[in-house]
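Trainee: I should like to learn how the features of a protein model are read. May we look at one together?

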Amino acid sequence: MTNTKAVFAATLEDIKQADDLSFMAGVTHAILHGFNNSPPSVGVPGWVRFGTWFSEHNPWWPLLPRWVAYNGRLSWALRQGQQVVPVAILGPTCEVWSRSGLDRAAFVNHPPWLHLLWQAMQQAGAAADYLSESVVAQARAEGGQWRCGPVSYELLVVVGARRLPPALAEHLSELVAQGCRLVMVEPLPDRAVALQDCAAGDQRVQEAVRRLLAHGPVQVRQLAPPPWDGLLAWVDQLLNLTAVTRSVRFDAL
């Protein structure tokens with residue numbers, strides 16, 4: 001609850017809703033913590049400009065034990081099983097790094113809807129994980145699924161990755177040839193990451209992508225990015241086109 005729009009004004013309802021969203025994302029162990037970095041002489045609330053006032057002086061303090069019990073019960077129950085996640089998402093990490101360096105805002109906002117994609121997947125009935133290039137590079141094909149350690153995914157969605165390591169692009173092509181399914185959201189990869197031997201690297205990436213697309217729409221689909229105000233409908237269409245298993249199906253989204 002380190003927000004800047006409602007400093008010290010968050011309600012217990014806000015906290016509960018944010019808690020539920022974290023559980024949906026796969027976070028099953030919450031830790032409530034706080035600190036104060038201002039001297040007593042400045043008074044309450046002090047210099048802190050981020051956060052929520054967890055204090056016995058807060059009007060919802062008497063009800064806090066009910067939320068704590070709710071959180072603890074869900075946390076325990078969810079950790080008794082293994083989350084089922086059919087969709088993996090690979091964002092344009094290399095592309096962002098080449099343009100903006102290690103800027104956190106750029107990583108979550110390029111494209112602007114990337115950080116909301118997992119939530120739209122959840123709202124459409126299918127959970128999703130964000131993966132890194134290093135994890136995907138170690139994936140293997142198993143029964144037509146992307147196997148990453150102990151987790152398997154029915155579908156990998158590559159989002160706007162103009163640059164990829166050539167070896168990773170070729171690895172994707174190999175796993176698709178073994179039956180894995182892939183969605184590539186434009187723009188498609190056509191450049192290598194490193195400047196060394198960049199022309200040869202670019203050619204390797206482009207050839208790997210051509211081999212990918214040659215498998216046809218049953219295994220590989222090429223999609224235009226969604227409109228900003230139509231992400232949920234776009235995700236619903238994506239899941240329908242790829243026949244991803246949904247835990248929940250809604251009559252209308």
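Mentor: Let us begin with a term. A polar contact is a pair of N or O atoms within 3.5 Å, and within protein one atom must be able to donate a hydrogen and the other to accept it. Please keep in mind that the model before us is predicted.

Trainee: With which side chain does the side chain of aspartate 20 make a polar contact?

Mentor: The partner is the side chain of lysine 16, at 2.7 Å. Aspartate 20 itself belongs to helix H1, which covers residues 12-25.

Trainee: Is aspartate 20 buried or exposed?

Mentor: Buried means under 20% relative accessible area. Aspartate 20 has 18% relative accessibility and therefore counts as buried. When its neighbours within four places in sequence are set aside, aspartate 20 is in contact with Tyr70 and Leu74.

Trainee: How is alanine 177 to be read by the same approach?

Mentor: A residue is exposed when its relative accessible area is over 50%. Alanine 177 has a value of 53%, so it is exposed. This residue lies in helix H7, residues 166-177. From alanine 177 to glycine 201 there are 24 residues in sequence, and the C-alpha atoms are 21 Å apart in space.

Trainee: How does one describe aromatic rings that pair?

Mentor: A pair of aromatic rings is described by the distance of the centres and the angle of the planes. The structure holds 1 aromatic pair. In it, the rings of tryptophan 113 and tryptophan 234 have centres 5.6 Å apart and planes at 55°, so the pair is tilted.

Trainee: Where in the chain are tryptophan 113 and tryptophan 234?

Mentor: Tryptophan 113 sits in the loop between helix H4 (104-108) and helix H5 (117-123), and tryptophan 234 in helix H9 (residues 231-242). The pair links distant parts of the chain, as its members are 121 residues apart. Tryptophan 113 and tryptophan 234 are both buried.

Trainee: How many helices and strands does the protein have?

Mentor: There are 9 helices and 8 strands. The C-alpha trace spans about 65 × 45 × 35 Å along its principal axes. Of the 253 residues in the protein, 38% are buried.

Trainee: What can be said of the exposed area and the charges?

Mentor: The protein exposes about 14,500 Å², of which carbon and sulfur atoms supply 56%. It carries 20 positive and 21 negative side chains, and the centres of these two sets lie 2 Å apart.

Terms used: Residues numbered from 1 in each chain as written. Predicted model: local features only at pLDDT ≥ 70, side-chain atom pairs only at ≥ 80, totals over all residues. Heavy atoms only, no water. Helix = DSSP H or I, 4+ residues; strand = E, 2+ residues; numbered from the N terminus. Buried < 20%, exposed > 50% of the residue type's maximum accessible area, 1.4 Å probe, protein only. Contact = heavy atoms within 4.5 Å. Areas by Shrake-Rupley, 256 points an atom, 1.4 Å probe, with all protein chains shown as cover. Lys, Arg positive; Asp, Glu negative; His and termini not counted. Charge placed at Lys NZ, Arg CZ, Asp CG, Glu CD. Phe/Tyr/Trp six-rings, centres within 6.5 Å; stacked < 30°, edge-to-face > 60°.
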